Amino acid sequence: MKAATHAAFAGVVGVTAAGFGAHPGTVGAGALLLGALLPDVDTAHSGLGRWVRPVSTRLERKFGHRTLTHSLLGTLVVACVFSWLLLLNPAALVWLLIGYLSHLLLDTANVSGVPLLWPWRLQFWLVGNRAWRVPYGSPQEFVWFGVFCAVGAALTPLSIDGASTRGFTGSSRRLTGRCRTICGGPTRMRSLRWSTGRTCLRGRA
Ligand SMILES: [Zn+2]
């Protein structure tokens with residue numbers, strides 16, 4: 001997958017996590033994005049690989065693309081390399097690894113799969129049917145990118161719930177309350193009491 005697709009998927013992961021109360025914040029979001037791009041550092045043709053060319057070229061020459069950096073062993077190596085974050089910002093390390101794993105997960109949808117147990121060369125795929133696998137840079141990948149952008153954009157207002165931080169739970173309660181207010185009719189008060197309890201009663205008083 002291209003860097004943009006991985007970044008969009010990481011965005012969905014971050015927004016979803018925020019919706020459930022785990023807000024990455026600015027540093028966490030940066031770490032999440034870096035982690036999502038990091039596995040492709042093993043090729044000089046990737047978005048990140050172009051920026052760190054001496055490193056990416058050496059990695060590609062020594063191991064090849066989608067080998068060490070696309071495995072659980074590679075995840076462990078990255079955790080060790082960035083372990084200094086534990087002293088400065090432990091949450092950033094967690095977000096970095098979440099982004100890293102999101103990359104591996106998304107690449108399992110790719111035609112070539114992911115060697116999660118490298119150096120054991122056993123490829124893993126998200127779907128068994130070859131026809132559903134996504135070739136790199138294909139129109140299918142472009143569709144996936146669009147879907148991730150749309151889902152991320154749709155979830156963002158729900159995850160942050162306006163100015164508050166109540167996330168998906170608060171958003172769903174508010175939406176349910178609004179819907180009942182619009183559709184409630186004569187029995188509206190009773191249904192509101194049953195559905196939202198004390199908060200609603202206080203609101204009506
Ligand atoms: Zn990759």
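**Exercise 1. Overall layout**

What percentage of the contacts in the protein with a separation of 6 or more is accounted for by residues 24 or more positions apart? State also which elements the protein contains and what percentage of its residues is buried.

Solution. The model is a predicted one. Residues 24 or more positions apart make up 56% of the contacts with a separation of 6 or more. The protein has 10 helices and zero strands. Read from the N terminus, the order of elements is α-α-α-α-α-α-α-α-α-α. Of the 205 residues in the protein, 30% are buried.

**Exercise 2. Helix 2 and its cover**

Describe the span of helix 2, list its buried residues and name elements that cover them.

Solution. Step one is the span. Helix 2 takes in residues 25-37, which is 13 residues. From the first C-alpha to the last, helix 2 reaches 18 Å, close to the 18 Å expected at 1.5 Å a residue.

Step two is burial. In helix 2, Gly28, Ala31, Leu32, Leu33, Gly35, Ala36 and Leu37 are buried. An α-helix has 3.6 residues a turn, so residues three or four places apart point the same way.

Step three is the cover. The buried residues of helix 2 are covered by elements including helix 1 (3-19), helix 3 (47-51) and helix 7.

Step four takes one residue, Leu32. Beyond residues up to four places away in sequence, Leu32 touches Ala10, Val13, Gly14, Pro24, Trp95, Ile98 and Gly99.

**Exercise 3. The largest nonpolar core**

How many residues has the largest nonpolar core, and which have the most contacts inside it? Then examine Phe9.

Solution. The largest nonpolar core has 31 residues, and those with the most contacts inside it are Phe9, Ala10, Leu32, Ala36 and Leu96. Helix 1, helix 2 and helix 7 are the elements that give two or more residues to this core. Helix 7 supplies the largest share, nine residues.

Phe9 lies in helix 1. Phe9 has 25 other C-beta atoms within 10 Å, and a residue needs 20 or more to count as buried, so Phe9 is buried. Leaving aside neighbours within four places in sequence, the contacts of Phe9 are Ala36, Ser102, Leu106 and Phe148. For the pair Phe9 and Ala36, the separation is 27 residues in sequence and 8.4 Å in space, C-alpha to C-alpha.

**Exercise 4. Three helix pairs**

Give the packing angle and axis distance for helix 1 with helix 8, helix 2 with helix 7, and helix 1 with helix 7.

Solution. Begin with helix 1 and helix 8. They pack at about 25°, with axes 8 Å apart. Angles under 35 degrees count as roughly parallel, so helix 1 and helix 8 are roughly parallel to each other. Helix 1 passes helix 8 in a left-handed crossing. Among the residues of helix 1 that meet helix 8 are Ala4, Ala8, Phe9 and Val12; among those on the helix 8 side are Trp144, Phe145, Phe148 and Leu155.

Next, helix 2 and helix 7 pack at about 35°, with axes 6 Å apart. Their crossing is right-handed. The residues that meet include Gly28, Ala31, Leu32 and Gly35 in helix 2, and Ala92, Trp95, Leu96 and Gly99 in helix 7.

Last, helix 1 and helix 7 pack at about 120°, with axes 10 Å apart. That angle makes helix 1 oblique to helix 7. The crossing of helix 1 and helix 7 is right-handed. His6, Phe9, Ala10 and Val13 of helix 1 make the contact with Ile98, Gly99, Ser102, His103 and Leu106 of helix 7.

**Exercise 5. Backbone exceptions and a loop contact**

Locate Arg66, Pro119 and Ser71, and describe the phi of Arg66, the peptide bond before Pro119 and the contacts of Ser71.

Solution. Most residues other than glycine have a negative phi, and most peptide bonds are trans.

Arg66 has a positive phi, near 55°. Arg66 sits in the loop between helix 4 (53-62) and helix 5 (72-81). With 21 other C-beta atoms within 10 Å, Arg66 is buried.

Trp118 and Pro119 are joined by a cis peptide bond with omega about 15°. Pro119 is in the loop between helix 7 (90-107) and helix 8 (139-160).

Ser71 is in the loop between helix 4 and helix 5. Ser71 is buried, with 22 other C-beta atoms within 10 Å. Apart from neighbours within four places in sequence, Ser71 contacts Pro115, Leu116, Leu117 and Trp118. Ser71 and Leu117 lie 46 residues apart in sequence and 5.8 Å apart in space, C-alpha to C-alpha.

Methods:
Residues are numbered from 1 along each chain as its sequence is written. This is a predicted model: local features need pLDDT of at least 70, side-chain atom pairs count only at pLDDT 80 or more; totals for chains, interfaces and linings use all residues. Helices (H or I, at least four residues) and strands (E, at least two) are DSSP runs, numbered from the N terminus. A residue is buried if 20 or more other C-beta atoms lie within 10 Å of its own, exposed if 12 or fewer, and partly exposed in between; C-beta atoms are placed from the backbone. Two residues are in contact if their C-beta atoms, placed from the backbone, lie within 7 Å. The expected span of a helix is 1.5 Å times one less than its number of residues. A nonpolar core is a set of buried Ala, Val, Leu, Ile, Met, Phe, Trp, Tyr and Cys residues joined through C-beta atoms within 7 Å. Axes are lines fitted to C-alpha atoms, for helices over the stretch in contact, and angles run from 0 to 180 degrees between N-to-C directions. Angles under 35 degrees count as roughly parallel, over 145 as roughly antiparallel, 65 to 115 as roughly perpendicular and the rest as oblique. A crossing is left-handed if the near helix is turned anticlockwise from the far one by less than a right angle, and right-handed if clockwise.
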